[in-house]
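Reader: I should like to learn how to read a protein model step by step. May we go through one together?

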Amino acid sequence: MHHSKVGIINSDQALKQLIAGNKRYVASRQLHPNQSQQRRTELSNDQQPFAVILGCADSRVPPEVIFDCGLGDLFVVRIAGHVMNDLVLGSIEYAANHLHAPLIMVLGHSKCGSVQAAISGVGVVGHIARLTEAIQPALHEAQEQPGDLVNNAARANTKIITEQLKCSKPVLSTLVREGKLKVIPAFYDLDTGVVEILSD
Ligand SMILES: [Zn+2]
């Protein structure tokens, strides 16, 4: 089977598809789409993921599960605290520019261990310090806000990374300006399973 380029969806349709999948997951009405041997065969020479997810490495937040997606649907980059560096950015640029994924979702989550470590300093040994350093700007921003510091800082981190991606030169900022790409911050609640779209 050959994919027709006509079938590529736009940013808004991609976001709708993610939200619909998350609703199915929350309601325990998953379709488990695109996980068949046939789908694997269709994808053997090509991929056209409809969204990029930059998310936390946390074992409780697997994008394909919480968005009820399958093979070839999501281009997923996971790293603790979904922090950015040039290698992460290179992966994302590949998906957006080369594979033409129309949407990047930066996916934070509640009770994030990386944020907790950045706040408490507990367990910050070895290279973990590099991660907690990267979260400091978000922590600084959340410090004055009322409510739960961990979740506020995780939300702030999600928005900061979203802005960094949108403004990233030369690849992503150009795609955003041309209307070919949207970058959206979102937040996953570990207890309810709901993904909330954050205003940016
Ligand atoms: Zn986390």
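Author: Let us begin with one residue and its surroundings. Leaving aside neighbours within four places in sequence, His82 is in contact (heavy atoms within 4.5 Å) with Leu54, Gly55, Cys56, Val106, Leu107, Gly108, Asn157, Thr158 and Ile161. This is a predicted model, in which local features need pLDDT of at least 70 and side-chain atom pairs count only at pLDDT 80 or more, while totals for chains, interfaces and linings use all residues. Residues are numbered from 1 along each chain as its sequence is written, and side-chain values use heavy atoms, with hydrogens and water left out.

Reader: Is His82 buried or exposed?

Author: The general idea is a scale of accessible area: buried means under 20% relative accessible area, exposed over 50%, and partly exposed in between, with a 1.4 Å probe and protein chains only. His82 has a relative accessible area of 2%, and therefore it is buried. His82 lies in the loop between β2 and α4; such names refer to DSSP runs numbered from the N terminus, helices being H or I with at least four residues and strands E with at least two.

Reader: Which strands form the sheet, and in what order?

Author: Two strands pair if DSSP finds at least two bridges between them. Here an open sheet of 5 strands has the order β2-β1-β3-β4-β5, with mixed pairing. β2 (74–78) and β5 (195–197) stand at the edges with a single partner strand each, so one side of each has no neighbour in the sheet. On average, neighbouring strands of this sheet are turned by 25 degrees against each other, direction ignored.

Reader: How should I read the strand β1?

Author: In a regular strand the side chains alternate between the two faces of the sheet. In β1, Ala51, Ile53 and Gly55 point one way and Val52 and Leu54 the other way, and all are buried. Because 5 of the 5 residues of β1 are buried, this strand is largely enclosed by the rest of the structure.

Reader: How many bridges join β1 to β2, and how many join β1 to β3?

Author: β1 and β2 run parallel and are joined by 5 bridges; β1 and β3 also run parallel, with 4 bridges. Val52 has the bridge partner Phe75 in β2 and the bridge partner Ile104 in β3. Ile53 stands opposite Met105 in β3.

Reader: Which helices pack on this sheet?

Author: To describe packing, one fits axes as lines to C-alpha atoms, for helices over the stretch in contact, and takes angles from 0 to 180 degrees between N-to-C directions. Helix α4 (residues 86–98) lies across β1, β2 and β3 and runs at about 175 degrees to β2. Helix α7 packs on the sheet as well, touching β1, β3, β4 (182–188) and β5, and its direction makes about 165 degrees with that of β4.

Reader: Does the length of a helix follow a rule, and what span should α7 have?

Author: The expected span of a helix is 1.5 Å times one less than its number of residues. The 19 residues of α7 (residues 149–167) should therefore span 27 Å, and its end C-alpha atoms are 27 Å apart, which agrees. Among the buried residues of α7 are Val150, Ala154, Asn157, Thr158 and Ile161.

Reader: What are the protein donors of the zinc ion?

Author: Donors are N, O and S atoms within 2.8 Å of the metal (3.2 Å for Na, K and Ca); water is not among the atoms, so sites may look incomplete. The protein donors of this zinc ion are Cys56 (SG), His109 (NE2) and Cys112 (SG), lying 2.0 to 2.3 Å from it. Along the chain they follow the spacing C-x52-H-x2-C. Cys56, in the loop between β1 (51–55) and α3 (63–66), and His109, in strand β3 (residues 103–109), are 53 residues apart, and this pair links distant parts of the chain. Cys56 is buried at a relative accessible area of 4%, and His109 is buried at 1%.

Reader: Which unusual backbone features should I look for?

Author: One is the cis peptide bond, with omega near 0 degrees, from Lys169 to Pro170; Pro170 is placed in the loop between α7 and α8 (171–177). Another is a positive phi in a residue other than glycine, as in Asp68, where phi is near 45 degrees. Asp68 is in the loop between α3 and β2 and counts as buried at 2% relative accessibility. Lys111 also has a positive phi, near 55 degrees, but Lys111 is partly exposed, with a relative accessible area of 39%.
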